[in-house]
Amino acid sequence: MENIILTGMPGCGKSTVGVILAKTLGMHFIDTDLIIQIQQKEKLQALVDKYGVDRFRTFEEKALLSVNNKEDTVIATGGSAVFCADGMEYLKKSGICIYLEVPCDELCRRLTNIKTRGISAAKGMSIEDIFNQRRPYYEKYADIRINCLNLTIEEITERITEEIGGINEHRP
C-alpha cells in the first residue's frame with residue numbers, strides 16, 4: 001500500500017490517528033516531529049525558542065527529506081511541515097496526503113499549551129492567526145480532506161480507510 005501522509009493543525013490528532021491507522025492497516029508509523037527531536041537532540045519548543053521559526057523550518061525540511069519513502073508507512077507530519085515545499089513534494093511522491101480538518105474554535109479549545117507545545121509560529125501569533133496562515137497550504141497538498149469534528153479516533157480511522165479504498169480503486 002502507498003504511504004499515508006497526515007497533515008493538519010497541531011491538536012487535530014495526526015499522531016494519535018496515525019498510530020491507530022498504522023495498527024489498523026498493518027503499516028509502519030513515523031512522526032516527523034519525533035525525527036526532528038532525535039536529529040537535533042532537543043525538544044521542539046526549545047528549538048523554536050533557541051533558533052526561531054525560520055531555522056526550525058530547516059530542521060523540519062531535513063526531517064521530511066530523511067523519511068525513507070518505502071511503502072506501507074503512515075507519516076504524521078508536524079503542523080508546519082506544509083511550509084516545507086521540497087519535503088512535502090518528496091513525501092507526496094510515495095503516497096496519499098490526508099488533511100485532518102478541525103475548525104479553529106475546536107482547536108482553540110484543545111490547544112491549551114500553545115507556548116510550550118513546540119508550535120512553529122512567530123511570537124504573538126494566536127491559534128486563529130496560525131490556522132488562517134496554514135489552512136491554504138493544508139488544502140493545497142491534500143488528496144483527501146477528513147472533517148474530524150465530533151468524530152472519535154476510530155471513526156476518523158474508518159473514514160480514512162474508506163477514502164483510501166475509493167482512491168486506490170480508481171488508480172491504475
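Me: Which residues are buried in α1?
Reply: In this predicted model, K14, V17, G18, L21 and A22 are the buried residues of α1.

Me: Where do those buried residues fall, seen down the axis of α1?
Reply: They fall within an arc of 130°, so they line one face of the helix.

Me: How many residues does α1 have, and what does it reach from its first C-alpha to its last?
Reply: Helix α1 covers residues 14-25, which makes twelve residues. The reach from first to last C-alpha is 16 Å, close to the 16 Å expected at 1.5 Å a residue.

Me: What comes just after α1?
Reply: G26 follows, and its phi is positive, at about 70°.

Me: Staying in that helix, what does the side chain of T24 have at 2.8 Å?
Reply: T24 belongs to helix α1. A polar atom of the T24 side chain lies 2.8 Å from the backbone oxygen of I20.

Me: And how many residues separate T24 from E154 along the chain?
Reply: T24 and E154 are 130 residues apart along the chain, while their C-alpha atoms are separated by 9.5 Å.

Me: Changing topic to T77: where is its place?
Reply: T77 sits in the loop between β3, which is residues 73-76, and α4.

Me: Is T77 buried or exposed?
Reply: T77 is buried, as its relative accessible area is 2%.

Me: Which backbone oxygen does the T77 side chain reach?
Reply: The T77 side chain reaches the backbone oxygen of L6, at 2.7 Å.

Me: What else does T77 touch, not counting residues up to four places away in sequence?
Reply: With those residues left out, T77 touches I5, L6, T7, K14, T32, L64 and L91. One of these, K14, is also among the buried residues of α1.

Me: Where does G87 lie?
Reply: G87 is in helix α4, which runs over residues 85-92.

Me: Why does G87 count as buried?
Reply: G87 counts as buried because its relative accessibility is 0%.

Me: Leaving aside neighbours within four places in sequence, which residues is G87 in contact with?
Reply: On that basis, G87 is in contact with E61, L64 and L65. The C-alpha atoms of G87 and E61 are separated by 5.4 Å, although the two residues are 26 apart along the chain. L64 also appears in the contacts of T77.

Me: Now the charges. How many salt bridges does the structure hold?
Reply: There are six salt bridges in the structure. One of them joins the side chains of E101 and R145, at 2.9 Å from N to O.

Me: What does the pair E101 and R145 tie together?
Reply: E101 lies in strand β4 (residues 95-101) and R145 in strand β5 (residues 144-147), so the pair ties together parts that are 44 residues apart in sequence. E101 is buried at 18% relative accessibility, whereas R145 is partly exposed at 44%.

Me: Which residues are linked with R145 in a network of salt bridges?
Reply: The network links R145 with E101 and E139. The side chains of R145 and E139 meet at 3.4 Å, N to O. E139 is partly exposed, at 32% relative accessibility.

Me: Where do E106 and R110 lie?
Reply: Both are in helix α5 (residues 104-110), four residues apart, about one turn of the helix. Their side chains form a salt bridge at 3.0 Å, N to O. E106 is buried, with 13% relative accessibility, and R110 is partly exposed, with 31%.

Me: Last topic, cysteines. How many disulfides does the structure hold?
Reply: The structure holds zero disulfides.

Me: Why is there no bond between C108 and C104?
Reply: The closest cysteine sulfur to that of C108 is in C104, and at 4.2 Å it is too far for a bond. C108 is partly exposed, at 28% relative accessibility.

Me: Which cysteine sulfur is nearest to that of C148?
Reply: The nearest is that of C12, 6.4 Å away, and C148 is in no disulfide.

Me: Is C148 buried or exposed?
Reply: C148 counts as buried, at 1% relative accessibility.

Note on methods. Residues are numbered from 1 along each chain as its sequence is written. This is a predicted model: local features need pLDDT of at least 70, side-chain atom pairs count only at pLDDT 80 or more; totals for chains, interfaces and linings use all residues. Side-chain values use heavy atoms; hydrogens and water are left out. Helices (H or I, at least four residues) and strands (E, at least two) are DSSP runs, numbered from the N terminus. Buried means under 20% relative accessible area, exposed over 50%, partly exposed in between (1.4 Å probe, protein chains only). Contact means heavy atoms within 4.5 Å. A polar contact is a pair of N or O atoms within 3.5 Å; within protein, one must be able to donate a hydrogen and the other to accept it, and residues adjacent in sequence count only if both atoms are side-chain atoms. A salt bridge is a side-chain nitrogen of Lys or Arg within 4 Å of a carboxyl oxygen of Asp or Glu. A disulfide is a pair of cysteine sulfur atoms within 2.5 Å. The expected span of a helix is 1.5 Å times one less than its number of residues. The arc is that of the directions from the helix axis to the C-beta atoms.
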